[in-house]
Amino acid sequence: MEIDEAREVRTTCPYCGVGCGVLAKVAADGEVSVRGDPDHPANFGRLCSKGSALAETIDLDGRLLHPEIHGRRAGWDEALDLVASTFSQTIAEHGPDAVAFYVSGQLLTEDYYVANKLMKGFVGSANIDTNSRLCMASSVAGHRRAFGSDTVPGTYEDLELADLIVLVGSNLAWCHPVLYQRIAAAREKRPEMKIVLVDPRRTMTADIADMHLAIAPDGDVALFTGLLAYLGRHNALDRAYITTHTTGFGQALFAASALDLAGVAAATGLSEDELGRFYSLFAATAKTVTVYSQGVNQSSSGTDKVNAIINCHLATARIGKPGAGPFSVTGQPNAMGGREVGGMANMLAAHMEIENPDHRDRVQRFWSAPDIAQKPGLKAVEMFQALADGRIKALWIMATNPVDSMPDADAVEAAIKACPFVVVSDVLARTDTVRHAHVRLPAAAWGEKDGTVTNSERRVSRQRAFLELPGEVLPDWRIVAEVGQRMGFGEAFSYATPAEVFAEHAALSGFENDGVRDFDIGVYGGVDGETYATLEPFQWPAPGRADPFWPAGHLPLKGGDQPAARLSPIANAAEEAPVSKLLVSPLEGEMAGRPEGVGTTGLQVRFFADGNFYTPDRKARFIAIRPTTEVRTSPDYPLILNTGRIRDHWHTMTRTGKSPRLSQHIAEPFVEIHPVDAQRFGIGDADIVRVSSPRGDVLVRALVTARQRQGSLFAPMHWTDQFSAKGRLDTLTAPLTDPISGQPALKHVAARIEKFAAKAFGFAVTRHRPSPDAAAYWAVAKCKGGWRVELAFAEDDIDWVGFAGSLFGASPGAEMLAYHDCDAGQHRIAAFDGDQLSGALFVAPGPVAVSRGWAAEQLSADHVDRRGRLAIVAGRPGGVDVDRGAIVCSCFGVGANQIVEAVRRGCGSVAAIGAALHAGTNCGSCRAEIRVIIEAQSLQAAE
Ligand code: SF4
């Protein structure tokens, strides 16, 4: 690829399911900069903290650049031949179900399509599943039960048009920040908009909520069946819609009425008053959107939760209309694309059903496939269990890290280690999963690869390369296609470009599809390289057949051959076809600061506007759901552990862990505990604690906070063996799944907590990546100029100078300065190579109080002055430096102490803090935290 230095490349963020457009630019000196794409309809120029820091994550440090076999460098031919021959041989000896692919929502649609085609059409097994199984499989199952198809009806614009937004198990402020910002901006323009947050924790999203329902874990089914019963009791149903467009209402209402209000209160942990206020608000507000994500999906009753929510929307006809509908938002950048290609073990390509013989026949004919899979394959948890018991003998893992992210992670790791043949395609040479691979295949990273992704509102966008492929790296679609060819399926895998893959995927979606399948992007079936290169973001469906419901005038294609000729000439379906399957409308006015006017990318496409669904009778199905309660706690494990994500890290930190900016927000694994529980278990703030379940244990930092629900714990899932001594949280979670979706219950784990009897605590900054194995607890995080390390020790009779020397990796001639107060257990050691700090270690009998930001900055400073060197050993800033405190605004490095000080000086709003400190004025991801600090200071001042 030729790099045009003056050109900004339009691409898409590789993190969450919001799917923000990004403009990336490579300067003449090779430096990459990114900014939000103002023309992308997902974000209109916004990026969150993770998206803003993308340029910090693309270096080649730690990259896997060459194929490896058993740890030695190999050529592509040798590695690909070995993969192909081993898979072929295993299939020949043990049958097609003895092999499996475990893939990822990080893959691009083209990668996903080729992998799925190879496994389901040519190997003849459906043993391909994805880490999206851990993210939104329950939503897929719920959609299919209710709608007869995996259809997300609405659009992001609905969030701005709604009068009531109900956020269920969804911490948008941290996990989908740009959607949160769009809602916050819309609310500023329409203060009458109401927001209800349903979440056991008072997350940062509560900042914009009018009502926070701190629901008991897994109380959601009771909450929404209770709502359905309430709607029935209070004559708040749309009877005409129910009669005309749905089936099963009577049974659903009967089942929902199993609990009276007092019963719902008991099952949800909410008061009858709270329930009454929420229910009456919902009943009275026609324009209601219910947003849900992992808090709903990652549950043993996840599918029922989804259908309990959808039932309430069907009962009130709040679906397929501007500002109304149930809305599943996905975690991963291409979870939706994976669903479209059938990358899950229980789906076929293009939203067709693997159990349906007509669908199998159609896909087989389209692919000219020799051996189409006849039955669903193993879902993720089942797949690793089959690996453990030897049914699967060859596994290919692509772009994911199951040793850290799968439940019962130690058992998963043991199964991978025991598997006779493991292939891993990855961008990194060192992850907890890559270390067990027999064959390592170097895959292209974000910025290097070309393809498409689909976001949560069904919008397909291009990811475009702006960097050369480094080393011998190849894109995933190409690697899989090469293996397919070497397995003897040459013609079917002879793609030369990702455009060819996309065109085939699009053609399959439209193949023999007369509007009976929701997923149809057939208009792109003949797409050529030029059109693909300039493809604008578009929402599906985009059928290629003549369709009276699709407005050809709004065809979202630019450049190359225009397949528009194949479309109906109807200019505005919304006007001319009042009974339409789709509601296609332009953007409704200037909302939330986005540009005025309607471009080709500004179309908003809603499903089910006419009440026709994809079931055989075209009616939506109510699902009869009885609320059940399950007690998982026991005297040995009396608490409920909820796992999740934080603002500035992504999955297992393989990318965000490279960014100093992102690592400064929260730099170590932690657990949130309510003050009452902390007192009960003898835990103080910042203690190191052991959290255990029947499966394993982790060592993390305690964060005592009333934002946590009493009786529950919360801990993030990001930390791995690469960043912590014992922080792999999914070693605690059980392989317990929803019986319909197969999604693991990652948010309701019986656990206990106890203080780790640390004899000494430490904090260090080092220029080189440290290996602090002598410490019982450690966590490393990137900082500007090096690394910062949190430490705790089971013993305190340690040769601290020797430990510091090995930690710093300083040269033999380095100057060491040390301060020891053995009685007080205080030790401070610093080493200088010339004028530079090699490392500094601070040891204390309790959590170390030194300013992290100041200490990290010393790695980048010159240390000519001896007084300055002594200030480091003294452990406090000299001169005018102030301790910024914990970093809140990653973009400008503004800490909590600075914000508190600004509030004391009279800054009483987020805008005022922004004017004074710049905090919150770039990506905006920290605005919720700033607001919380302002409120806390105001309360304190009022007391
Ligand atoms: Fe990326 Fe943030 Fe946008 Fe998600 S919200 S796509 S992480 S920039």
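These legends walk through several close-up views of a predicted model.

**View 1. An open sheet of seven strands with a helix lying across part of it**. Let's start with the strands. Read across the sheet, their order is β5-β4-β16-β15-β14-β6-β7, and the pairing is mixed. The edges are formed by β5 (72–73) and β7 (128–130), each of which pairs on one side only. As a reminder, strands of a sheet pair through backbone hydrogen bonds, and they can do this in a parallel or an antiparallel way. At one end of the order, β4 (residues 68–69) and β5 run antiparallel and are joined by two bridges. You can find one pairing by locating glutamate 68, whose bridge partner in β5 is arginine 73. Now look for helix α17 (residues 380–388), which lies across β6 (99–103), β7 and β14 (394–398). The helix runs at about 135° to β6.

**View 2. Helix α4, largely enclosed by the rest of the structure**. How many of the eleven residues of helix α4 (residues 137–147) are buried? Ten of them are, so the helix is largely enclosed by the rest of the structure. Among the buried residues are Ala137, Val140, Gly142, His143, Arg144 and Phe147. What do the buried residues of α4 pack against? Their neighbours are the strands β12 (288–292), β13 (325–328) and β22 (620–621), together with the helices α13 (294–297), α14 (302–315) and α15 (335–341). Just after α4 comes glycine 148, which has a positive phi near 80°.

**View 3. Isoleucine 623, a buried loop residue**. This residue sits in the loop between β22 and β23. Is isoleucine 623 buried or exposed? Isoleucine 623 is buried, because its relative accessible area of 13% falls under the 20% cut-off. Leaving aside residues up to four places away in sequence, isoleucine 623 touches Arg145, Ala252, Asn307 and Asn311. For a sense of scale, pick out valine 850 too: the two residues are 227 apart in sequence, and their C-alpha atoms are 56 Å apart in space.

**View 4. The second largest pocket and its lining**. This pocket has a volume of about 600 Å³. There are 22 residues lining the pocket, and the closest to its centre are Arg46, Gln181, Ala185, Glu188 and Arg927. Which element supplies the largest share of the lining? That is α7, with seven residues. At least two lining residues each come from β3 (32–36), α7 (177–189) and α31 (927–942). By chemical type, the lining divides into eight nonpolar, six polar and eight charged residues.

**View 5. Loops with backbone angles to look out for**. Here is the background: most residues other than glycine have a negative phi, and most peptide bonds are trans. Glutamate 512 has a positive phi of about 50°. You will find glutamate 512 in the loop between α21 (498–510) and α22 (529–533), where it is partly exposed, with a relative accessible area of 38%. Histidine 651 also has a positive phi, near 45°, and lies in the loop between β23 (639–644) and α24 (660–663). Finally, look at the peptide bond from tryptophan 540 to proline 541, which is cis, with omega near 10°. Proline 541 belongs to the loop between β19 (538–539) and α23 (573–576).

Key
Residues numbered from 1 in each chain as written. Predicted model: local features only at pLDDT ≥ 70, side-chain atom pairs only at ≥ 80, totals over all residues. Heavy atoms only, no water. Pairing = 2+ DSSP bridges. Helix = DSSP H or I, 4+ residues; strand = E, 2+ residues; numbered from the N terminus. Contact = heavy atoms within 4.5 Å. Axes fitted to C-alpha atoms, helices over the stretch in contact; angles between N-to-C directions. Buried < 20%, exposed > 50% of the residue type's maximum accessible area, 1.4 Å probe, protein only. 1 Å grid on protein atoms, 1.4 Å probe; cavity = no way out; pocket = protein on both sides within 12 Å on 5 of 7 lines; lining within 4 Å. Points joined across faces, edges and corners; volume = space filled by probe spheres on them. Nonpolar A, V, L, I, M, F, W, Y, C, P; charged D, E, K, R; others polar.
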